[in-house]
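Q: Please examine one part of this model closely and describe how it is put together. I would like a single connected account.

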Amino acid sequence: MTVKSAILRFVKREPGLVASGTGHAAILVAGLVAFSSATPFADQQESVAVELMSASEFGAMMRGDKSAKEVKPDPKPRADKVAEVAEEKPVPGEAARDVPAPPSRPQVLPDPKAVETPPPPQQQAKVEPTPEPPKVEPPKVEPPKPMPKPEPVKAEPPKPEPVKEAEPKPEPPKRPEPPKQAETKPEPPKPEPKKVEAPKPEPQKPEPKKQEPPKQDLAKLIESSEPKAKPQPAKPAEQASSKFNPSDIQKLLQSKEKAQNAASTGHEVSRTASAGTRTGAGTSNTNAPKLSMAQRDAIGRLLKEQIQRCFSAPPGVEQVKTSPIVRVELSADGSLAASPKVANSSDDPGFRSYAESLRRAILRCAPYHIPAQYAPFMNDWRDLNIVADPQDFLG
Amino acid sequence: MNPAEVTQAALPHAGGGSLLELFWQAHIVVKLVMLGLIAASVWCWAIIVDKSLLYARTRRAMDRFEEVFWSGQSLDELYRSLHNRPTQGLATLFTAAMREWKRSFEGGGRSMASLSQRIDKVLDVSIQRETERLEARLLVLATVGASAPFIGLFGTVWGIMTAFQSIAASKNTSLAVVAPGIAEALFATAIGLFAAIPAVIAYNKLQAEAAKAQGRMETFADEFSAILSRQIDERVAA
């Protein structure tokens, strides 16, 4: 009782502590309720660096090789670009863009290998260097021998990748890389499937020979003994032949020459020069050569001109503000592969009649004459969307 | 370790982020700091409440007393009604001075010479005591207000230190791993500010009120002293 009364008296005289304690308890409870759980931030996507690439760039990267023996279901970028980037070990696509790389051609072979399994190639290189060294040395080390050697060199370089091959000669200094190339030879099947199977194996062989001599003593020894003998090229070819046909090498060489030009002038030039799909309306559009914007415009104009001849303007065309988009499917000879379709619609009065007369005109004017220069791009123009601005046809 | 795995592993502990979770995850030193700061906050608010009530009471009492004092009532009667009761503020001054006055005259008027000085002294002492009573514990507020942020900061620094040690140990810098430790560390500073801000504001407010009350008492003491010294002079002359 006394304690209780003392407490009561204290509370009455000094109510602060009680008030403060209860106040804090209340605030704590309120805090627990209000902050019972932190509200998570709205999910924010991490930004990923994206490189923009035009369709033509992509097409160039993925273009097929005329000399390819097979059309691969899973096309990969050409190796020539990769070779340039080989030192940096960049993505194949990036490598393709670097034109200056040509001097490092030897690297081209290494790159594909490096990407796949760098270490194994080296080991293989050691084992296999013997065949390669002779080839390499002749061109570089022995000027007098050049005559026999040059042939092997030429034959070999073109096959791998035109651009690279052309440049390999000037690049001898890069020999250190040869071991990789030597390695690549055993592995050629891998690189080839990605790019062009036949061409790749061959280039690898020539390169290893050139590069290896300087670096590896064994290679040098081999070279010293073998360089003289012309059969060397045959050896590599044979080795590769298991996967590559020696006869392909010549084709490869031809393509290489083109590639060289392309490399010197730029990607686009090389594309048109070497682009092509063996299968025509091929299984993969990515392998088909692409029209440049200017070419595309030119074809569009050509078609419009031809269509215009059969076109009679229906009444009310002047009021049509929306240009109909007509999808025209052409076959190789310029005839219509399918009836043209109007791909858009509009509330404009006269739009329907205009689009309809346009469609009739397109049907009437077939077949169309497509200049031969555009034939290689058939894949790109066989399915065209023509934006038919009324002004173009009234003019 | 895969960051995703670490995140997943850390989530059960770090997930909620409620105040209690923040507290329980904290290092023992940080916990002590938090508890100390909460106690300081409770104590501060207790003082604030008590002092506010006390000053309000004192002010009312002073008003009442002054009303009675200047109502013309006889000082002797007023003293008789007050001297047996506990008093505060002006009434305390009045009773102390009157007690001294009465004692001087009970002795037969022999000690009239320095009575005025003695009364002044008595009033001064009374004012001092009253002021002390009013200002008691106000310094706690000042201390808490000045030091709580630093104490909280200490807890935060300690917490972040241990958090970074944990990060180093787990070799993972994912934000999900880092954040809970830093959040709980910052919680210490939050509590420190929570205690300090009201303490500083209340200290200034209460200090001003105490000074006002003291001034009022001094004024009254001067006036009362003047009245008494006039009475003394009249009696001596008589």
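A: The account below follows one sheet of chain A, from its strands to the helices beside it.

The model is a predicted one. In chain A, three strands form an open sheet in the order 2-1-3, and their pairing is antiparallel. Strand 2 (336-342) and strand 3 (383-387) of chain A each have a single partner strand and stand at the edges, so one side of each has no neighbour in the sheet. On average, neighbouring strands here are turned by 20° against each other, direction ignored.

Strand 1 of chain A comprises residues 325-330 and is joined to strand 3 of chain A by five bridges. Within this pairing, A:Ile325 has A:Val387 as its bridge partner, and A:Arg327 has A:Asn385. Strand 1 of chain A also pairs with strand 2 of chain A, through four bridges in the antiparallel sense. There, A:Val326 lies opposite A:Val342. These two strands form a hairpin with five residues between them, and A:Gly334 in the turn has a positive phi of about 95°.

The side chains of strand 1 of chain A alternate along the strand. A:Val326, A:Val328 and A:Leu330 point to one face and are buried, whereas A:Ile325, A:Arg327 and A:Glu329 point to the other and are not buried.

Turning to the pairing with strand 3 of chain A once more, its five bridges run between antiparallel strands. Helix 20 (residues 293-310) of chain A packs on the sheet and touches strand 1 and strand 3 of chain A, its direction making about 70° with that of strand 3. Helix 21 (residues 351-365) of chain A also packs on the sheet, where it touches strand 1 and strand 2 of chain A; the direction of helix 21 makes about 170° with that of strand 2.

Terms used: Residues are numbered from 1 along each chain as its sequence is written. Chains are lettered from A and ligands numbered from 1 in the order in which they are written. This is a predicted model: local features need pLDDT of at least 70, side-chain atom pairs count only at pLDDT 80 or more; totals for chains, interfaces and linings use all residues. Side-chain values use heavy atoms; hydrogens and water are left out. Two strands pair if DSSP finds at least two bridges between them. Axes are lines fitted to C-alpha atoms, for helices over the stretch in contact, and angles run from 0 to 180 degrees between N-to-C directions. Contact means heavy atoms within 4.5 Å. Buried means under 20% relative accessible area, exposed over 50%, partly exposed in between (1.4 Å probe, protein chains only).
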